[in-house]
Structure formats: structure tokens, C-alpha cells
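This report is meant for someone meeting the structure for the first time. It begins with one pair of packed helices and then widens to the chain and its partner.

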Amino acid sequence: MIEISHVNKWYTPSFQVLTDCTTSVTKGEVVVVCGPSGSGKSTLIKCVNALEPFQSGDILVDGTKVNDPKTNLPKLRSRVGMVFQHFELFPHLKIIDNLCLAQEKVLGRPHDKSVTKGMQLLERVGLKEQAQKFPAQLSGGQQQRVAIARALAMDPIVMLFDEPTSALDPEMVSEVLDVMVDLAREGMTMMVVTHEMGFARKVANRVIFMDRGEIVEDAPKDDFFGKPRSDRAQKFLSKILSH
Amino acid sequence: MFGNLDFDVIRRALPYLFYEGMTFTLTLTGLAALGGLVFGTALALMRLSGFKILGRIAGVYVDFMRSLPLVLVIFWFYFLVPYIGQWLTGASRPISVGAFASSLITFIMFEAAYFSEIMRAGIQSISRGQPAAASALGLTYAQTMRYVVLPQAFRNMLPVLITQTIVLFQDTSLVYVLSITDFLGAASKVAQRDGRLVEMYLFAAVVYFTISCIASFGVRRLQARIAIIR
Ligand SMILES: Nc1ncnc2c1ncn2[C@@H]1O[C@H](COP(=O)(O)OP(=O)(O)O)[C@@H](O)[C@H]1O
Ligand SMILES: [Mg+2]
């Protein structure tokens, strides 16, 4: 579903953000990406839907080459759902309109069909009652669940998450993770940047550990948690698991 | 000194002052603000587009307009437009456009320079995550601007835009150089005709002051409300 091969990215020649990153996510797989802050996790995941350009290497999503200038990026992105750390709901639109905008403008769905779809998804994330409110009237956890619903409204073939719970108050983390766990169990293909190792243990198939722009470890979940091969991954794990 | 003032002249002139004068002033203000906002937003988008040449053209235009006194622009534009029109269409005689059209175009072009700077600040105030989220959903650049960035920029800048429109409302009185009957023009005609300069200009000042004050008060209320929403 996602093929990342030998991707390099730099802002200046001396500052390499991604170094020879190669990995893949197959259909129905859940891959968790972790690593210290500044290691390039967000950059890598944003390269997948071409929100960030890169200098060399290739990324294929469902067979479409992301870095091909001829690729219709809006069309490609409409099939790749993305959830951001800071939710990024559109504050000037009601919740239901947040869910309908792209359905109508990008997919060309009629308004009533988009609303029906939007309401179904809101119900699924437990927020049907909030449809007529504005984002600022919702809690962080609620906003993030709306953001997930908004991405799902496009019927994506894969979902990308960039630290979806790290901007949340601790008591709201689980409501968002629950939605993500359900999604994973239904077979959604997911690439998730997160430090929530509980989530990784529950539903991940593989865990990728990044450090300084490199993929240091890329292993099945049990291997990763059992005995990470690299020192850096071991240190990182002991640090985040100790609290 | 006020003993021989005749304030009844104002009462008698009211229909003329408001039906003709104020209607013209408000129409010109409204249309110029609307046109200036549309044209100004286009200039702001040019400057932020990432195309260097477009940005430069818009930048030079804005700087040029902002370094000229408005009265001069109104004046020159009125006399030049017929010739520009003649040159553009290849007509044999200068094309007369009329004082209203001429002043409206002038104000739109002049105000656009100011509105563009306001809208530019408004667009830049939107966090980069917003256009990123819109793109991630598959919206094109144009759709992202139209449905996500510009509505928020406009909403955030509304108080400043209205304040600029209040300035515009006062500036429209400069069309007197074209002997147009706007509110001030009407007042001044009555003043000359009846020899009641003090009364009429005093009254005109009070009217401009009152309307501007009420509008400013409205802006402050609006600002407070926007602060709560955000
Ligand atoms: N626009 C940019 N210009 C220069 N450096 C950047 C830019 N964006 C990110 N970086 C740098 O790239 C590195 C990787 O960032 P990021 O992918 O956000 O890391 P992570 O998500 O793992 O915390 C960081 O060192 C960051 O400072
Ligand atoms: Mg990050």
C-alpha cells in the first residue's frame, strides 16, 4: 500500500532530515513509528502524502508515485487520510461542515449524502450531538475524534496519524486511542507516529524506530518490544516506558 | 457670535443633504470598499503566491499607491482615464466615463493597496497547519484559499477592515475636487447658495463625526466578540 524506498531529504546540504529511509506498509497493516523528538517522524509521514517534498528516493501509494510531477496530488491526498497533532479542524465551520467540505468540493458528493455520511461517522466516534457546534466549543479529545471522522469521510485507503494524542490532556488520550484501536481492528491500513506504546502493543503489526533521520529499527511488534537490537532503541524504550 | 446663526437652513436642506448627498457618499463608500477588498485580496494573494514576478508587480503597485496623496490620484485619474480609454480602444476621441465611475474606480484602486496589506496580514496570521489540513483532504490550492484560508483571514481582520472603511467614508469627501454632490458637496452647495457657511460646515462635521463614532463603537464590540470565539 505504501512503499518508501531510499528517501533522502535535506533543508541545507549539511542538515539531512531523512537519510535513506526505506520501509513499507502493506494492506491492512498497522505500523507504529516512534523515536526521539526531532528525529524526522513527522517529516517522513508528511512525505507519504507529499505535504513535504524530498530530494531523492521514491514513495509509492497504492501504486501511484507521489514524487512524480505528473501525479494529481489533490486526488492522491483525498484517498490518504491524515490526522494531525493539533487537530487542525477548520474553526470557522461547524463540526458537520468540517466533515462535509472536502466530501463536496473534492469528491463532488451531493450535500445531503455528505451530511448523512458525516452524521454516521460522528455517531461512530460518539459525537453526534456536537454536529452543530464549532470546534472551539469542543474539548481536545472531542476535536481529535472529529478530525479522525473528517478524514474517514473521504473513504481513505490508508490513514496517517502524526502524534494524534500528544497535544491532549492525559484524561482525553484514551478516548482517541479507543477510536484508533477500533479502526485498526476493522482492518484499516495505518501508519501512526506515536509514543503510546500501549497502543502499539495492542494493535501494531510492526514498529519503526527512527533517530536522527534514519530508520534504525523496523521490526515486528513482538521482536521490537522483546529485544530491540539497537542500543538507541533500547535506551529510548526504557525512557518512555519508565513513566 | 452665534446670535445671528440660522439653524433652520439645515432643516430645510435635510432632504437634499441626505437623499442626494449622503446616498452618494454611502454608495461610493460601499462599492469602493467591496471593490477594494476584492482587488486588494487578489493583490495579497499575488504577493503570497510564491511567484516572484507576480509578487513584485503587486508590491510595486501597493507601494506606488500608498506614496501618493489621494486627492492627486482622484484628480489625475479623472483627467487621464478618458485618454487611457481612448488609447486602449483606439477611439478617435477621449472616452468620457463620468465623475461617479471615475471616482469609484479611483477609490477601488487606491483602497485596494490598503486592503491588500490588511488581508496579507490576515492570511499570514493563519497557522500553517490549516492549509496543510486542507491539502491533506485533497483540496486544491485555490479551494484551500477559497474555503479555508480567506474566510478565516477575513473574519480575523474584520475589525481592521471596517476601521479602514471608516477612513474611506471620510476620504470620499475628497471628490469635491470633481465638483461631485456627495454629502459634503451638497452641504457646501447649500452653504454657498444661502451664505450659511458656519452652520452647514458645522452640521457636516457633526454628521461625519457621529457616523464614524457609531461605526468605531461597533468595531470595538465586534473585536470583543471575535476575541471570545477564538
Ligand atoms: N521547515 C524546516 N526548516 C528547517 N528544518 C526543519 C523544518 N521542519 C523541520 N525541520 C527539522 O527537521 C527535523 C525533523 O523534524 P520532525 O520531522 O518534525 O521531527 P519529529 O516529528 O520526529 O519530532 C528537526 O530537527 C526539525 O528541526
Ligand atoms: Mg513531529
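In this predicted model, the axes of helix H1(B) and helix H7(B), the latter covering residues 183–194 of chain B, come within 7 Å and cross at roughly 150 degrees. Since angles over 145 degrees count as roughly antiparallel, H1(B) and H7(B) are therefore roughly antiparallel to each other, and their crossing is right-handed. On the side of H1(B) the contact is made by B:Val9, B:Ala13, B:Tyr16, B:Leu17, B:Phe18, B:Gly21, B:Met22 and B:Thr25, while H7(B) contributes B:Phe183, B:Ala186, B:Ala187, B:Lys189, B:Val190 and B:Asp194. Sorted by character, the residues of this contact comprise 10 nonpolar, 2 polar and 2 charged.

Helix H1(B), which runs over residues 8–48, also packs against helix H6(B), residues 141–171, at an angle of about 140 degrees and with the axes 10 Å apart. H1(B) and H6(B) are therefore oblique to each other, and H1(B) passes H6(B) in a right-handed crossing. The residues of H1(B) that meet H6(B) include B:Met22, B:Thr25, B:Leu26, B:Ala33 and B:Leu48, and among their counterparts in H6(B) are B:Tyr141, B:Met145, B:Phe154 and B:Phe169. This contact divides into 14 nonpolar, 4 polar and no charged residues.

The two helix pairs are set side by side below.

| Helix pair | Angle | Axis distance |
|---|---|---|
| H1(B) and H7(B) | roughly 150 degrees | within 7 Å |
| H1(B) and H6(B) | about 140 degrees | 10 Å |

Turning to the chain as a whole, chain B has 8 helices and 0 strands, and its C-alpha trace spans about 70 × 55 × 25 Å along the principal axes. An unreviewed UniProt entry lists residues 22–219 of chain B under "domain: ABC transmembrane type-1". Over residues 22–219 the chain is 82% helix and 0% strand, and the C-alpha atoms at the two ends lie 22 Å apart.

Chain B also meets chain A: 19 residues of chain B are in contact with 21 residues of chain A. The area buried between chain B and chain A is about 1600 Å², and carbon and sulfur atoms give 67% of that area. Of the area that chain B buries against chain A, B:Ala136, B:Leu137 and B:Tyr147 supply 35%, more than any other three residues.

Definitions and conventions:
Residues numbered from 1 in each chain as written. Chains lettered and ligands numbered in written order. Predicted model: local features only at pLDDT ≥ 70, side-chain atom pairs only at ≥ 80, totals over all residues. Heavy atoms only, no water. Axes fitted to C-alpha atoms, helices over the stretch in contact; angles between N-to-C directions. Helix = DSSP H or I, 4+ residues; strand = E, 2+ residues; numbered from the N terminus. Parallel < 35°, antiparallel > 145°, perpendicular 65-115°, else oblique. Left-handed = near helix turned anticlockwise from the far one by under 90°. Contact = heavy atoms within 4.5 Å. Nonpolar A, V, L, I, M, F, W, Y, C, P; charged D, E, K, R; others polar. UniProt positions renumbered as here; feature names shortened; annotations may be inferred. Buried area = accessible area lost by both parts, 1.4 Å probe.
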